[in-house]
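Here is a walk through one structure, taken a piece at a time. Keep the 3D view open and follow along.

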Amino acid sequence: KIDAVIFDLDGIITDTAHFHFLAWKQLAEEIGISIDEEFNERLKGISRMDSLELILEEGNRQHDFTSIEKEEMAERKNANYVNYLDELTPEHVLPGIMDLIKSIKTDGIPIGLASVSKNAETVLRALNLVEAFDYCADASKISKSKPDPEIFLTACKGLNAVPERSIGIEDAVAGVESIKASGMFAVGVGKQLSKADYQLMSTGQLQWEKIKEAFNKWND
Ligand code: G16
Ligand code: MG
């Protein structure tokens, strides 16, 4: 029996991961640091302030700014990111996701969200997906970002689900680590996710029957 399926938001439900990258890249360039897509993999699932710290470290500038300046930089990044969200419509739900949600619902299994983003609700609204989720664990409900298991454990609790009988779906290295630390079965979508229990290269390959099969094997 599967208790719940819990989705990551950025990079799984929709490609806001790319908007986060563009917004950070611009901020980084303003202070003379250049980041690429490979470096960006390390920012996925990491909170806003922790992401900024990683970027400053990358440019060896971690001691050059006061905390007020850092707050201001994080706000600037967010304003830029939120601008991108204006373009978001239900058409931006990634391939395979709507079918997957439908199949899980047909089986009567609760669906949760685990996103450390303070913009999670705005994103779900823009995608017209608020109703699809039985419980959302977001930044307001946790104190530690991924890879800590807190966010996935919070989502399980909110759905009355036992982690060992639940499935998490993630595109980030830190996200897969968070799922595994919580005791859940991890579906990883993308490269660098060999720690996942079941790995695919794109959301379009997500098939509920195949996921259940892999979960049952793992659960044996
Ligand atoms: C997301 C992104 C991260 C982002 C974080 C905080 O986490 O993956 O890149 O830094 O949220 O977002 P915000 O600045 O909007 O609060 P998740 O858990 O949805 O992958
Ligand atoms: Mg993600």
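## What counts as buried

A residue is called buried if 20 or more other C-beta atoms lie within 10 Å of its own. Keep in mind as you read that this is a predicted model. With that cut-off in hand, take strand β5, residues 185-189: five of its five residues are buried, and the strand is mostly covered.

## The sheet as a whole

Let's step back to the sheet. Six strands form an open sheet in the order β3-β2-β1-β4-β5-β6, and the pairing is parallel. At the edges sit β3 (135-137) and β6, each of which pairs on one side only. From one strand to the next, the twist averages 20 degrees.

## Strand β4 and its neighbours

How many of the residues of strand β4 are buried? Five of the five, residues 166-170, so β4 is largely enclosed by the rest of the structure. Ser 166, Gly 168 and Glu 170 point one way from the strand, while Ile 167 and Ile 169 point the other way, and all are buried. That fits a broader pattern: in a regular strand the side chains alternate between the two faces of the sheet.

β4 has a partner in strand β1 (residues 4-7), and the two pair in the parallel sense over four bridges. Look for Ile 6, which stands opposite Gly 168 in β4. β4 also pairs with β5, again in the parallel sense and over four bridges. Two bridge partners are handy landmarks here: Ile 167 goes with Phe 185 of β5, and Ile 169 goes with Val 187 of β5.

## Strand β5 and on to β6

Which residues point which way from β5? Phe 185, Val 187 and Val 189 go one way and Ala 186 and Gly 188 the other, and all of them are buried.

Moving along, β5 meets strand β6 (residues 198-200): three bridges join the two, and they run parallel. To find your place in this pairing, look for Gly 188, whose bridge partner in β6 is Gln 199.

## Helix α8, the link between two strands

Between β4 and β5 you'll want to look at helix α8, residues 173-182: β4, α8 and β5 together make a right-handed β-α-β unit. The helix is mostly covered, with eight of its 10 residues buried. The buried ones are Val 173, Gly 175, Val 176, Glu 177, Ser 178, Ile 179, Lys 180 and Ser 182. What do these buried residues pack against? They pack against helix α7 as well as the strands β4 and β5. Just after α8 comes Gly 183, whose phi is positive, near 95 degrees.

## Two pairs of crossing helices

Start with α7 (residues 150-158) and α8: their axes are 8 Å apart and they pack at an angle of about 55 degrees. Angles of 65 to 115 degrees would count as roughly perpendicular and those under 35 as roughly parallel, so α7 and α8 are oblique to each other. Their crossing is right-handed. The contact is made by Ile 151, Phe 152, Leu 153 and Cys 156 of α7, together with Ser 178, Ile 179 and Ser 182 of α8.

The other pair is helix α1 (residues 16-30) and helix α4 (residues 67-85), whose axes come within 9 Å and cross at roughly 140 degrees. Angles over 145 degrees count as roughly antiparallel, and α1 and α4 are therefore still oblique to each other. This crossing, too, is right-handed. On the α1 side, the residues that meet α4 are Phe 19, His 20, Leu 22, Ala 23, Trp 24, Gln 26 and Leu 27. On the α4 side they meet Met 73, Arg 76, Lys 77, Asn 80, Tyr 81 and Tyr 84.

## A proline in a loop

One last stop: Pro 110, in the loop between α5 (97-106) and β2 (111-114). Is Pro 110 buried or exposed? It has 20 C-beta neighbours inside 10 Å, so Pro 110 counts as buried.

Pro 110 touches Ala 4, Asp 134, Leu 159 and Ala 161, leaving aside residues up to four places away in sequence. Compare its position with that of Ser 166 in β4: Pro 110 and Ser 166 are 56 residues apart in sequence, and their C-alpha atoms are 9.9 Å apart in space.

Conventions: Residues numbered from 1 in each chain as written. Chains lettered and ligands numbered in written order. Predicted model: local features only at pLDDT ≥ 70, side-chain atom pairs only at ≥ 80, totals over all residues. Buried ≥ 20, exposed ≤ 12 C-beta atoms within 10 Å, placed from the backbone. Pairing = 2+ DSSP bridges. Right-handed = clockwise from strand over helix to strand, strands pointing away. Axes fitted to C-alpha atoms, helices over the stretch in contact; angles between N-to-C directions. Left-handed = near helix turned anticlockwise from the far one by under 90°. Contact = placed C-beta atoms within 7 Å.
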